[in-house]
Amino acid sequence: MAKIIIIGAGGVGNVVAHKCAELSSVFDDIVLASRTEQKCIDIATDVNRSHPSVRIRTAQVDADSTEALIRLFDTEKPFLVINVALPYQDLTIMDACLETGVHYLDTANYEPRDEARFEYSWQWAYQEKFREKGLMALLGSGFDPGVTNVFTAYAAKHYFDEIHELNIIDVNGGDHGHPFATNFNPEINIREVTADCRHWEGGAFVTTPAMSASQRFTCPEGVGEYAIYRMYHEELESLAAHFPSLKKAQFWMSFSDNYLKHLEVLRNVGMIGIEPVDYNGTQVVPLQFLKSLLPDPASLGPRTKGQTCIGCVVSGLKDGELVHRYIYNICNHEACFEEVKSQAISYTTGVPAMIGAKMMVEGTWLKPGVWNLEQLDPDAFMADLNRFGLPWKSTSVASQPF
Ligand code: NDP
């Protein structure tokens with residue numbers, strides 16, 4: 001049993017708090033801390049409504065300040081911090097963990113606020129520091145990255161002698177009824193989807209313009225057919241590094257025509273810029289201002305209908321034959337809302353964060369150093385996905401879809 005601190009009280013923080021509370025035999029003391037404490041209090045009240053005996057407290061913290069984090073960790077002395085604030089805070093939280101002897105987990109790689117640059121280099125540079133202190137940092141324990149890394153590791157372990165090609169396909173068939181909204185933090189989401197596309201091919205990353213490659217993909221089990229667009233996603237970097245046999249790795253995400261139309265207009269008028277502009281003597285970052293106008297992703301839960309279908313198509317050699325395997329999860333937005341008052345994007349991120357934390361607390365994955373999920377044995381994590389709300393299926397397919 002362990003005490004944890006969850007940092008971040010957004011859509012994902014809400015799910016992590018609910019799912020950890022569900023497992024009070026593992027997480028017996030929960031502190032939910034964020035910039036705006038009232039959001040933590042609202043979540044904690046809701047958690048206690050469903051789990052009256054669970055010990056969950058709240059705190060205010062500015063996670064941009066290592067000193068403030070050190071004070072909180074020194075007072076609370078948690079075993080582990082689950083970071084579901086924003087990618088900008090990864091390094092300050094990792095620094096505070098090192099200073100106070102606390103294990104670390106996040107769901108998104110560090111990103112400097114003034115550059116839309118997604119790479120693990122900053123966090124991988126902490127490898128020795130964590131190892132020397134006997135602490136573990138688990139990077140990217142959401143769905144993608146996270147479950148997609150575990151799906152790939154599971155496929156490599158159980159179905160192949162060598163994997164050659166990977167296509168990660170993230171379809172959100174949900175409809176929230178707003179003209180334009182993002183399913184997780186709008187600033188992070190828009191920075192991600194408008195960045196140049198990079199995919200792994202022939203031993204290097206190949207750069208192409210954002211959204212310049214698209215396909216149609218038919219999801220299984222009647223979820224439907226969607227237009228999916230190739231984009232860069234951070235797990236490509238770690239998977240290419242940790243599976244050197246991969247000749248090609250691509251990430252695809254579905255977008256509706258309506259979403260793309262709004263994004264194009266917002267881009268054309270300069271509303272997604274990340275450089276400050278002067279407005280009547282005030283410095284305003286257009287994307288941050290846009291975020292303040294858009295619906296809060298946490299508010300989409302009650303309105304979102306439909307399903308997500310996220311999975312990996314892996315190809316490679318088994319006993320000298322070329323074979324293809326598709327591992328996927330289908331998640332229903334309305335069922336997620338009924339369970340934890342959240343739409344499926346926050347749910348599919350928060351459940352794997354809880355499972356990663358469980359694996360660390362129980363010692364299954366506890367190992368000093370900085371790790372991506374595919375570096376650890378996938379079997380227990382895959383079993384827990386089935387147990388805690390993200391059941392998966394694995395099927396043999398005739399060929400790669402792309
Ligand atoms: P939200 O914007 O809904 O929530 C972020 C939370 O972090 C808010 O409570 C916010 O506080 C808090 N926060 C922001 N800055 C600070 C700070 N300086 N100090 C303390 N708290 C702070 O985001 P989501 O819940 O949608 O996403 C959370 C994380 O999950 C993000 O990093 C996102 O990239 C990641 N993610 C990962 C996915 C995956 O599959 N791997 C998928 C989806 C998301 P306040 O309320 O005051 O603004």
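This briefing covers the nonpolar cores, an annotated domain and two residues, D144 and T148. The model is predicted: local features need pLDDT of at least 70 and side-chain atom pairs count only at pLDDT 80 or more, whereas totals for chains, interfaces and linings use all residues. Residues are numbered from 1 along each chain as its sequence is written, and side-chain values use heavy atoms, with hydrogens and water left out.

**Nonpolar cores**
- The largest nonpolar core (buried Ala, Val, Leu, Ile, Met, Phe, Trp, Tyr and Cys residues joined through side-chain atoms within 4.5 Å) has 95 residues, and F27 and I82 have the most contacts inside it.
- Helix α13 (residues 344-361) supplies the largest share of this core, 10 residues.
- A second, separate core of 28 residues includes V31, A33, F73 and F130.
- Beyond four places in sequence, F27 touches (heavy atoms within 4.5 Å) residues including A2, M354 and V361.

**Annotated domain**
- An unreviewed UniProt entry annotates residues 142-389 as "domain: Saccharopine dehydrogenase-like C-terminal"; such annotations may be inferred rather than shown by experiment.
- Over residues 142-389 the chain is 34% helix and 31% strand (DSSP runs: H or I of at least four residues, E of at least two), with the end C-alpha atoms 14 Å apart.

**D144**
- D144 lies in the loop between β6 (136-139) and α7 (147-158).
- D144 is buried (under 20% relative accessible area, 1.4 Å probe, protein chains only) yet has no salt bridge (Lys or Arg side-chain nitrogen within 4 Å of an Asp or Glu carboxyl oxygen); R230, the nearest side chain of opposite charge, is 15 Å away.

**T148**
- T148, in helix α7, is buried, with a relative accessible area of 0%.
- Beyond four places in sequence, T148 is in contact with F143, I168, E235, I310 and C312.

Definitions and conventions
Buried means under 20% relative accessible area, exposed over 50%, partly exposed in between (1.4 Å probe, protein chains only). Lys and Arg count as positive and Asp and Glu as negative; His and the chain ends are not counted.
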